[in-house]
Amino acid sequence: MKKILIMLLVIALVFTLTGCGVKKNIEKKVGEKITETIIEKAVGDENTKVDIDGETITIKGTDGGEVTLGGTKWPEVDYLPEFKAGDIISAAKDGDGNVVIILEKVEKKDYDNYLETVQKDFTEDVAQMETEEFTLFEGRNGKGNVVALQYFHQDKTFTIIGKKENQ
């Protein structure tokens, strides 16, 4: 009898612990579905598809356009070199290849090295500015792609904006 009671308590404990994980997973999925529905309704096109995968939201329109928001991985772009230092806190990319990447914990020397690399390809319509608060670079490459780099000295954040020229 004691063994049966202990066995039932162990089974109850296992189901309780498993249930907590299942409950969290269900709550997460329901939350994602509600968010997807709200975004789809806000866009105003019932055929717009929204996919939430962890911290990344992908919105696909009926016209073939696509926007990906969030995420902490470098987006696939063929006109910008990958910045490998710091931590990506947000990366957004649209269906045309335009990107906005926000990083933190970036040292000035890492920004300077990246700037030096970017300046080799983005040599047209160059604008640069440096203040106590930030450093800014903007340029265009021979294919018409544009990049804007902004580094904030005090909080060591770095924003990369890339505009892909449609071809």
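**Exercise 1.** How many residues does helix α2 have, and what distance does it reach from its first C-alpha to its last?

*Solution.* This is a predicted model, in which local features need pLDDT of at least 70 and side-chain atom pairs count only at pLDDT 80 or more, while totals for chains, interfaces and linings use all residues. Residues are numbered from 1 along each chain as its sequence is written, and side-chain values use heavy atoms, with hydrogens and water left out. Helices (H or I, at least four residues) and strands (E, at least two) are DSSP runs numbered from the N terminus. Helix α2, residues 108-121, has 14 residues and reaches 21 Å from its first C-alpha to its last. That span is close to the 20 Å expected at 1.5 Å a residue, the expected span being 1.5 Å times one less than the number of residues.

**Exercise 2.** Determine which residues of α2 are buried, where they lie around the helix axis, and what covers them.

*Solution.* Begin with relative accessible area (buried under 20%, exposed over 50%, partly exposed in between; 1.4 Å probe, protein chains only). The buried residues of α2 are Tyr111, Tyr114, Leu115 and Val118. Seen down the axis of α2, these residues fall within an arc of 105 degrees, so they line one face of the helix; the arc is taken over the directions from the helix axis to the C-beta atoms. The face turned away from this buried side carries the exposed residues Lys109 and Lys120. Finally, the cover over the buried residues, judged by contact (heavy atoms within 4.5 Å), includes β6 (124-130), β7 (134-140), β8 (146-152) and β9 (157-163).

**Exercise 3.** Analyse the salt bridge between aspartate 112 and lysine 108, and then that between lysine 164 and aspartate 78.

*Solution.* A salt bridge requires a side-chain nitrogen of Lys or Arg within 4 Å of a carboxyl oxygen of Asp or Glu, and the structure holds six of them. The side chains of aspartate 112 and lysine 108 meet at 2.7 Å, N to O; because these residues are four apart in helix α2, about one helical turn separates them. Both are partly exposed, aspartate 112 at 31% relative accessible area and lysine 108 at 25%.

In the other pair, the closest N and O atoms of lysine 164 and aspartate 78 are 2.7 Å apart. This bridge links distant parts of the chain, 86 residues apart, with lysine 164 in the segment after β9 and aspartate 78 in the loop between β3 (66-70) and β4 (87-94). Lysine 164 is buried at 19% relative accessible area, whereas aspartate 78 is exposed at 67%.
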